[in-house]
Amino acid sequence: MPMSEDASVEISVTDLAARRAAGDVQIVDCRTDDEWDEERISGSRHIELNELAAAAESIGREQAVVFVCSGGSRSAMAAEAFRTSGFDAYSLAGGLTAWSEQGQDLEQ
């Protein structure tokens with residue numbers, strides 16, 4: 001079941017935080033290894049953007065998937081591509097920058 005009734009590929013920090021707390025979403029961080037090593041959302045999975053196509057089979061379809069990057073542009077590309085392949089896929093609006101600015105925790 002889609003997380004959102006509208007067609008937007010973006011999900012807000014507030015919505016992602018609530019769905020993450022409820023355990024009904026998978027988060028895939030598509031940043032580089034160096035970016036991932038600096039900080040990340042706890043419980044997220046790391047698959048670099050250029051490796052997503054090859055790893056698509058390992059991403060479950062039973063839950064919505066939210067892609068994250070630093071500012072939201074790479075994750076938006078990933079979400080659009082996965083939607084085309086039939087996934088219930090989203091991009092975190094504003095990326096990890098927005099996540100952090102809105103007081104959400106990042107692990108290092």
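Two strands count as paired if DSSP finds at least two bridges between them. In this predicted model, strand E1 (residues 10–11) meets that criterion with E5, the two running in the parallel sense over 2 bridges. One contact to look for is Glu-10, whose bridge partner in E5 is Ser-91.

E5 also pairs with strand E4 (residues 64–68), again in the parallel sense, here over 3 bridges. Val-66 has Tyr-90 as its bridge partner in E5. Between E4 and E5 the chain passes through helix H4 (residues 73–84), and the resulting β-α-β crossover is right-handed.

E5 itself spans residues 89–92. In a regular strand the side chains alternate between the two faces of the sheet. Ala-89 and Ser-91 lie on one side of E5, Tyr-90 and Leu-92 on the other, and all four are buried, so both faces of the strand are covered.

The cysteines are a separate matter. A search of the whole structure returns 0 disulfides. A disulfide requires two cysteine sulfur atoms within 2.5 Å. The cysteine sulfur closest to that of Cys-30 belongs to Cys-69, at 5.1 Å, and because this is too far, no bond is assigned. Seen from Cys-69, the closest cysteine sulfur is that of Cys-30, at 5.1 Å and likewise too far for a bond. Cys-30 is buried, with a relative accessible area of 2%, and Cys-69 is also buried, at 1% relative accessibility.

Key: Residues are numbered from 1 along each chain as its sequence is written. This is a predicted model: local features need pLDDT of at least 70, side-chain atom pairs count only at pLDDT 80 or more; totals for chains, interfaces and linings use all residues. Side-chain values use heavy atoms; hydrogens and water are left out. Buried means under 20% relative accessible area, exposed over 50%, partly exposed in between (1.4 Å probe, protein chains only). A crossover is right-handed if, with the strands pointing away from the viewer, the path from the first strand over the helix to the second runs clockwise.
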